[in-house]
Amino acid sequence: MSQDIDTKRRSFLKTTALGVAAVPFAGAMLQSQVARADMPRLEEDDDIAQSLDYVHDAADASDHAQYQDGSTCANCSLWQGGDEQWGGCDIIPGHNVNADGWCNAWVPAG
Ligand code: SF4
């Protein structure tokens, strides 16, 4: 009987600890989604875009020496996601980039 109570107590404590530990992460994820929605879109003539040869449409980079067929922001490991067309990028803080875009820092996802 007391072993059953100990088992239930341990399970309760484990579940509670996991739940409490997850709260800050859920808050940070929600805050990150809100921040992305509020971020302006990166313009191609912004300094950081120019320095990375960023374009909204990867097809416009097809003649770039570093461009690889099929590469876009959406399949870059630095893509943070967002809505279906615009999302964050790890190396371009404070702006959203186009899912169909590309820059010379592209790194294959996966
Ligand atoms: S690093 Fe990746 S996600 Fe960011 S702009 Fe360049 S290609 Fe797009």
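This passage goes through the ligand site of a predicted model and then turns to three individual residues.

The ligand first. Around it sit Tyr-54, Cys-73, Cys-76, Leu-78, Trp-79, Cys-89, Ile-91, Ile-92, Cys-103 and Trp-106. Sorted by class, this shell comes out as 10 nonpolar residues, with no polar and no charged ones. Cysteine counts as nonpolar in this scheme, as do tryptophan and tyrosine, so Cys-73, Cys-76, Cys-89 and Cys-103 go into the nonpolar tally along with Tyr-54, Trp-79 and Trp-106.

Next, the space itself. Rolling a probe the size of a water molecule over the atoms shows where empty space is left. Searching the whole structure turns up 1 cavity of 30 Å³ or more. The largest cavity comes to a volume of about 100 Å³, and the space it describes is the one taken by the ligand. Since cavities are computed over the protein atoms alone, the ligand does not fill the grid in this search, so its site can show up as a cavity. The lining of the largest cavity is made up of 13 residues, and those nearest the centre are Cys-73, Cys-76, Cys-89, Cys-103 and Trp-106. These five also turn up in the shell around the ligand. As for class, the lining has 13 nonpolar residues and, again, no polar or charged ones.

On to single residues, starting with Asn-98. Asn-98 belongs to strand β3, which covers residues 92-98. Its relative accessibility is 9%, and because the cut-off for buried is under 20%, Asn-98 counts as buried. The Asn-98 side chain gets to within 2.8 Å of a backbone atom, namely the nitrogen of Asp-100.

Two aspartates share a loop. Asp-53 is found in the loop that runs between α2 (47-51) and β1 (79-82), and Asp-69 is placed in the loop between α2 and β1 as well. In backbone terms, Asp-53 has a phi near 55°, which is a positive value in a residue other than glycine. Asp-53 has a relative accessibility of 33% and therefore counts as partly exposed. Asp-69, on the other hand, is at 77% relative accessibility, so it counts as exposed; the bar for that is over 50%. Asp-69 can also be placed relative to Ala-59: the two are 10 residues apart in sequence, while their C-alpha atoms are 9.1 Å apart in space.

Notes
Residues are numbered from 1 along each chain as its sequence is written. This is a predicted model: local features need pLDDT of at least 70, side-chain atom pairs count only at pLDDT 80 or more; totals for chains, interfaces and linings use all residues. Side-chain values use heavy atoms; hydrogens and water are left out. A residue is near a molecule or strand if one of its heavy atoms lies within 4 Å of it. On a 1 Å grid over the protein atoms alone, a cavity is a set of points where a 1.4 Å probe fits but cannot get out, and a pocket is an open set with protein on both sides within 12 Å along at least five of seven lines; lining residues have an atom within 4 Å of a point. A molecule sits in a cavity or pocket if more than half of its atoms lie within 2 Å of its grid points. Grid points are joined across faces, edges and corners, and a volume is the space filled by probe spheres set on the points. Helices (H or I, at least four residues) and strands (E, at least two) are DSSP runs, numbered from the N terminus. Buried means under 20% relative accessible area, exposed over 50%, partly exposed in between (1.4 Å probe, protein chains only). A polar contact is a pair of N or O atoms within 3.5 Å; within protein, one must be able to donate a hydrogen and the other to accept it, and residues adjacent in sequence count only if both atoms are side-chain atoms.
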